[in-house]
Amino acid sequence: MDNKKAVVVFSGGQDSTTCLFWAKKQFDEVTAVTFHYNQRHAQEIEAAKNIANEAGIPHYVLDMSLLNQMAPNALTRSNMEIEQKEGELPNTFVPGRNLVFLTFAAILAKQLGAKHIVTGVCETDFSGYPDCRDVFVKSCNVTINLAMEEDFVIHTPLMWINKAETWKFADELGVFDIIREKTLTCYNGIIGDGCGECPACLLRKRGLEQYLAEKGANT
Ligand SMILES: [Zn+2]
């Protein structure tokens with residue numbers, strides 16, 4: 001296993017793109033992997049391809065459409081409205097998704113001889129997704145290492161920071177404009193600042209405004 005090689009779980013959204021550029025600074029060789037599971041928008045895959053291409057990072061797109069086959073929900077089916085009932089997980093939740101993604105990222109890392117796996121999951125703004133929790137990632141790391149007799153290290157640089165801090169992090173990495181203009185977070189498939197109205201846009205916008213206000217106050 002090469003201690004300087006990393007595989008980044010990369011969706012083309014704000015969080016994973018920030019992680020991609022963090023990894024690029026941190027490791028000598030970075031590979032991005034995007035899982036295609038009939039997301040609401042093929043634009044997500046396009047955004048991911050463009051970012052990886054411009055950053056000169058090798059990029060794998062793996063077909064995970066079986067997730068859509070087994071667990072139809074608002075993220076995988078474009079004819080379902082996104083909603084969240086009080087006290088329940090939003091219907092964008094895909095059960096077991098990060099378990100599947102981290103497992104396949106590790107299989108790819110094993111092939112590439114990479115020791116490090118990077119994921120943008122975050123417990124701070126996590127809408128209650130159980131597989132975004134730190135305890136899950138740590139447990140998954142142990143399981144994968146046991147399953148493959150390896151010593152992978154799963155990194156979660158965003159685990160304990162909020163959206164405003166994620167913007168700050170991108171700015172410190174020198175990629176604020178790339179993240180703002182090229183990433184796709186919006187559930188309506190609009191790149192950059194997005195539609196401004198869906199839950200993903202609202203979360204992103206609130207963080208951005210908070211960060212810009214703090215930055216303005218400090219200069
Ligand atoms: Zn939106």
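Tutor: Let's start with L212, which lies in helix α8 (residues 199-218). Keep in mind that this is a predicted model.

Student: Why is L212 called partly exposed?

Tutor: Count its neighbours. L212 has 13 C-beta neighbours inside 10 Å. The label "buried" needs 20 or more, and "exposed" needs 12 or fewer. With 13, L212 falls in between, so it counts as partly exposed.

Student: How far apart are L212 and A164, in sequence and in space?

Tutor: They are 48 residues apart in sequence, and their C-alpha atoms are 8.4 Å apart in space.

Student: Which residues make the contact between α6 and α8?

Tutor: First the geometry: α6 and α8 pack at an angle of about 65 degrees, with their axes 7 Å apart, and their crossing is right-handed. On the α6 side, the contact is made by K163, A164, T166, W167 and K168. On the α8 side there are L203, R204, R206, G207, L208, Q210, Y211 and E214. By class, the contact of α6 with α8 has five nonpolar, three polar and five charged residues.

Student: What makes G207 polar in that kind of count?

Tutor: It's a matter of the rule: Gly is placed among the polar residues, so G207 goes there too.

Student: Now A105. Where is it, and why is it called buried?

Tutor: A105 sits in helix α4. It has 27 C-beta neighbours inside 10 Å. The cut-off for buried is 20 or more, and 27 passes that, so A105 counts as buried.

Student: Which residues does A105 touch, leaving out those up to four places away in sequence?

Tutor: A105 touches V7, V9, V33 and I117. Take V9: A105 and V9 are 96 residues apart in sequence, yet 6.8 Å apart in space, C-alpha to C-alpha.

Student: What makes α4 oblique to α5?

Tutor: Look at the angle. The axes of α4 (residues 97-112) and α5 (residues 134-148) come within 11 Å and cross at roughly 40 degrees. Roughly parallel would need an angle under 35 degrees, and roughly perpendicular starts at 65. An angle of roughly 40 degrees fits neither, so α4 is oblique to α5. The crossing itself is right-handed.

Student: Which residues of α4 and α5 meet?

Tutor: L99, L102, T103, A106 and K110 in α4 meet C140, I144 and M148 in α5. By class, that contact has six nonpolar, one polar and one charged residues.

Student: Which one is the charged residue, and how do you know?

Tutor: Lys counts as charged, so K110 is the one. Thr isn't listed as nonpolar or charged, so T103 counts as polar.

Student: And E149? What makes it exposed?

Tutor: E149 is found in the loop between α5 and β5. It has 7 C-beta neighbours inside 10 Å. Exposed means 12 or fewer, so with 7, E149 counts as exposed. Its backbone deserves a look too: phi of E149 is near 55 degrees, a positive value in a residue other than glycine.

Student: Why is strand β4 described as largely enclosed?

Tutor: Strand β4 covers residues 114-118, and four of its five residues are buried, so it is largely enclosed by the rest of the structure.

Student: How do you know that β4 pairs with β5?

Tutor: Pairing takes at least two bridges. Three bridges join β4 to β5 (residues 153-155), so the two strands count as paired. They run parallel, and I117 stands opposite I154 in β5.

Student: What about β2: how much of it is covered, and how does it pair with β3?

Tutor: Strand β2 (residues 29-36) is mostly covered, with six of its eight residues buried. It pairs with β3 (residues 59-63) in the parallel sense over five bridges. Within that pairing, the bridge partner of F35 is L62.

Student: How many helices and strands are there in the chain?

Tutor: The chain has eight helices and five strands. From the N terminus on, the elements run β-α-β-α-β-α-α-β-α-β-α-α-α. Buried residues make up 34% of the 219 residues.

Technical notes
Residues are numbered from 1 along each chain as its sequence is written. This is a predicted model: local features need pLDDT of at least 70, side-chain atom pairs count only at pLDDT 80 or more; totals for chains, interfaces and linings use all residues. Axes are lines fitted to C-alpha atoms, for helices over the stretch in contact, and angles run from 0 to 180 degrees between N-to-C directions. Angles under 35 degrees count as roughly parallel, over 145 as roughly antiparallel, 65 to 115 as roughly perpendicular and the rest as oblique. A crossing is left-handed if the near helix is turned anticlockwise from the far one by less than a right angle, and right-handed if clockwise. Two residues are in contact if their C-beta atoms, placed from the backbone, lie within 7 Å.
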